[in-house]
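Visitor: I would like to learn how to read helix packing and burial in a model. Could you walk me through it with an example?

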Amino acid sequence: STQVQLVRRPRGWPTEEDFRTVSVELGDLAPGQVRVRNEFLSVDPYMRGRMNDGPSYAPPYALGETMTGAAVGRVEESTSDELPVGALVLHGLGWRDVTQADASAFRRVEEIPGGPSSLHLGLFGMPGLTAYAGLTAVAGLREGERVFVSGAAGAVGTAAGQIARLLGARTVIGSAGSAEKVALLTSRYGYDVALNYKEAPIREQLRAAAPEGIDVFFDNVGGDHLEAALDVLNPNGRAAVCGSISAYNDSAPKPGPDNLSRIVTRTLTLRGFLVGQHPDLADEYREAVTRWFAAGELAYDETVVDGVENAVTAFLSMLRGGNTGKMVVRV
Ligand code: NDP
């Protein structure tokens, strides 16, 4: 099996040299085990945090161990009664082409009519549920409200804008880092207004784009985007604080927003959340996304990089904005 391992903890931006690709011999299957050939591997922003040695919500990766993370594959050999050959499975064993383990390490998932299995890593998977949980349980989005989504052209962001619209938002504003991405946000993802934060300060652009303010902020970016949103959040506005990717590769802390006092004067709620705290919403989301997708109400994009040995390249490209929609590695 070809596998990718972390061998050095990055300081600031990670590099290819922080990883190595190894070939691992897999033994015969023990009773109750399955061998899975992966179809797609996920590269996700949270993995950057796990490369550090500090405490976070997920434990740090061990040096010299294969990178774990979400992957979807098919059972090609089985000694388990639960998972027959051919079953499509989702698991957390990460950056390898073939993997084998006890059947309990894998969760059988359904084929998605009209979509690739990689959707289990994106729209139908963790990023989609993140968007849904953030808008519903965390921000309490109500019909007729105005919404701003930062990082709108990524995996979570493309889902969040569309779901906000489907849940009855009146206006949906998004931000992203290129002209192509902002064009897609309005043409394909149902955003009313899309802002390219690389073109002019997001703070000025958002102020101009939201003359009536916003009620809900779904934040994937942090930093200048959080500051911009605080400026325009209406009284009793809510922010679902999902991530702060603008800071993940900082080697020193940055000063915070200069307008935090608006939390008081506008009686705002800023609420951080982790998708893992919302397993209760998984069934409800699966039902909703299946229905919306079948009805043609949800679009998706994926940026696909081929080869497990290119997982690091894909991960680094995602951190720099090389993806539109979900970044996945095709094995
Ligand atoms: P994306 O698919 O959105 O990929 C990351 C994107 O971040 C890039 O494409 C890039 O797009 C953007 N980006 C990178 N640097 C900056 C910057 N300095 N300023 C603004 N944008 C930047 O990733 P995901 O959808 O998987 O994740 C999005 C966010 O959600 C992350 O913050 C992640 O940590 C968080 N998350 C949180 C979860 C939770 O449970 N709380 C669960 C899943 C994700 P661009 O070209 O627009 O710059």
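Guide: Gladly. Keep in mind that this is a predicted model. Let us begin with two helices, H2 (residues 126-138) and H8 (residues 282-294), whose axes come within 10 Å and cross at roughly 105 degrees.

Visitor: What is the angle for, and how are H2 and H8 oriented to each other?

Guide: Two packed helices are described by the angle between their axes and the distance between the axes. Angles of 65 to 115 degrees count as roughly perpendicular, and H2 and H8 are therefore roughly perpendicular to each other.

Visitor: Which residues in H2 and H8 meet?

Guide: From H2 come Gly-128, Leu-129 and Tyr-132, and they meet Ala-282, Tyr-285 and Val-289 of H8. Sorted by class, this contact has five nonpolar residues, one polar and no charged ones.

Visitor: Which residues of H8 are buried, and where do they fall around the helix axis?

Guide: A residue counts as buried if 20 or more other C-beta atoms lie within 10 Å of its own. In H8 that applies to Tyr-285, Val-289 and Phe-293. Looking down the axis, the buried residues of H8 fall within an arc of 55 degrees, so they line one face of the helix. They pack against H2. On the other side of H8, Asp-283, Glu-287 and Arg-291 are exposed.

Visitor: How does the span of H8 compare with what is expected?

Guide: H8 has 13 residues and reaches 18 Å from first C-alpha to last, close to the 18 Å expected at 1.5 Å a residue. After the helix comes Gly-296, with a positive phi near 75 degrees.

Visitor: Let us try another helix. How many residues of H3 are buried?

Guide: H3 (residues 155-166) is mostly covered, with 10 of its 12 residues buried. Among them are Val-156, Thr-158, Gln-162 and Ile-163. The cover includes H2, helix H4 (179-187) and several strands, among them S8 (146-149) and S15 (326-330). H3 spans 17 Å, close to the 16 Å expected, and just after it Gly-168 takes a positive phi of about 100 degrees.

Visitor: And a single residue: is Arg-108 buried, exposed or partly exposed?

Guide: Arg-108, found in strand S7 (residues 106-108), is partly exposed, with 13 other C-beta atoms within 10 Å. Setting aside neighbours within four places in sequence, Arg-108 is in contact with Leu-83, Ala-87, Leu-88 and Val-89.

Terms used. Residues are numbered from 1 along each chain as its sequence is written. This is a predicted model: local features need pLDDT of at least 70, side-chain atom pairs count only at pLDDT 80 or more; totals for chains, interfaces and linings use all residues. Axes are lines fitted to C-alpha atoms, for helices over the stretch in contact, and angles run from 0 to 180 degrees between N-to-C directions. Helices (H or I, at least four residues) and strands (E, at least two) are DSSP runs, numbered from the N terminus. Angles under 35 degrees count as roughly parallel, over 145 as roughly antiparallel, 65 to 115 as roughly perpendicular and the rest as oblique. Two residues are in contact if their C-beta atoms, placed from the backbone, lie within 7 Å. Ala, Val, Leu, Ile, Met, Phe, Trp, Tyr, Cys and Pro count as nonpolar, Asp, Glu, Lys and Arg as charged, and the others, Gly among them, as polar. The expected span of a helix is 1.5 Å times one less than its number of residues. The arc is that of the directions from the helix axis to the C-beta atoms.
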